[in-house]
Amino acid sequence: MTYQVLRIHNSFFTGYFVTLMFLISGSIMAAAAGTLYVEGIQLSRASQMIELLQPLAGSFATSIFAVGIVSAGVSSQFPNILMLPWLICDYNETERDMSLSKYRLIVFFISILGLVVPIFDAQPVFVMIISQALNAIILPLTVLGIFYLVNRKDLMGTYKANIKSNIILSLILIFAIFTSVTGIKGVIELIN
């Protein structure tokens, strides 16, 4: 296959899997909203999630939940601890050598952040909601940064964003702002 064919092939599958991921996530949220919210069930403890799995999974509910929560934590931990050192390396245009002591310290302190919930006896569901709301607040800033960078002719050259790209980015920015406002309102309601 030529490079052009591979690029089209990869773009198709990337779009396919992103769409599939979006549909699955949307279905899970719709199912949760259609059952938990309507019934007035609120989740504040992780053990409540196990109870919700019991009608479906029976005695395996605890095991399934434990494997799921550990898998989610581990799969999130590695990108989280490596992101900051890699960004620093990319910014400084240096090799990604994670054996350097400065990067090991960064990884150590980011890993320690994972102990906030058990040390301070915080509610895991509350912490997850707050962290996702913070992501929603950061998203518009990220989109604005991308918007600024892709419109710089000196930086992008011939790949500078065109009108179509700017319209799409504007729609994404509007959605990001909507998501951010919704997240902020949700956190305020949760705290009150």
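Is Ser180 buried or exposed? In this predicted model, Ser180 counts as buried, because its relative accessibility is 8% and buried means under 20% relative accessible area.

## Ser180 and its surroundings

Ser180 belongs to helix α8, which covers residues 163–191. Leaving aside residues up to four places away in sequence, Ser180 touches Ala136, Ile137 and Pro140.

## Overall fold

The protein chain is built from eight helices and has zero strands. Read from the N terminus on, the order of its elements is therefore simply α-α-α-α-α-α-α-α, where helices are DSSP runs of at least four residues.

## Dimensions and packing

The C-alpha trace of the protein chain spans about 60 × 45 × 45 Å along its principal axes. The radius of gyration of the protein chain is 21 Å, whereas a compact globule of 192 residues would have one near 16 Å.

Of the 192 residues in the protein chain, 14% count as buried, and Ser180, with its relative accessibility of 8%, is counted as buried as well. When contacts between residues at least 6 apart in sequence are considered, 41% of them join residues at least 24 apart.

## Surface and charges

The accessible surface of the protein chain amounts to about 15,000 Å², and 72% of this surface belongs to carbon and sulfur atoms. The protein chain carries 10 positive and 9 negative charges, and the mean positions of these two groups lie 12 Å apart.

## Salt bridges

How many salt bridges does the count come to? The count comes to two salt bridges, and each of them can be described by its partners and by how accessible those partners are.

In one salt bridge, Arg96 pairs with Asp90, and the closest N and O atoms are 2.9 Å apart. Arg96 counts as partly exposed, because its relative accessibility is 41%, and Asp90, with a relative accessible area of 41%, is partly exposed too.

In the other salt bridge, Arg152 pairs with Asp154, and here the closest N and O atoms are 2.7 Å apart. Arg152 has a relative accessibility of 26% and therefore counts as partly exposed, whereas Asp154, at 63% relative accessibility, counts as exposed, because exposed means over 50% relative accessible area.

Note on methods: Residues numbered from 1 in each chain as written. Predicted model: local features only at pLDDT ≥ 70, side-chain atom pairs only at ≥ 80, totals over all residues. Heavy atoms only, no water. Helix = DSSP H or I, 4+ residues; strand = E, 2+ residues; numbered from the N terminus. Rg over C-alpha atoms; globule rule 2.2 N^0.38 Å. Buried < 20%, exposed > 50% of the residue type's maximum accessible area, 1.4 Å probe, protein only. Contact = heavy atoms within 4.5 Å. Areas by Shrake-Rupley, 256 points an atom, 1.4 Å probe, with all protein chains shown as cover. Lys, Arg positive; Asp, Glu negative; His and termini not counted. Charge placed at Lys NZ, Arg CZ, Asp CG, Glu CD. Salt bridge = Lys/Arg side-chain N within 4 Å of Asp/Glu carboxyl O.
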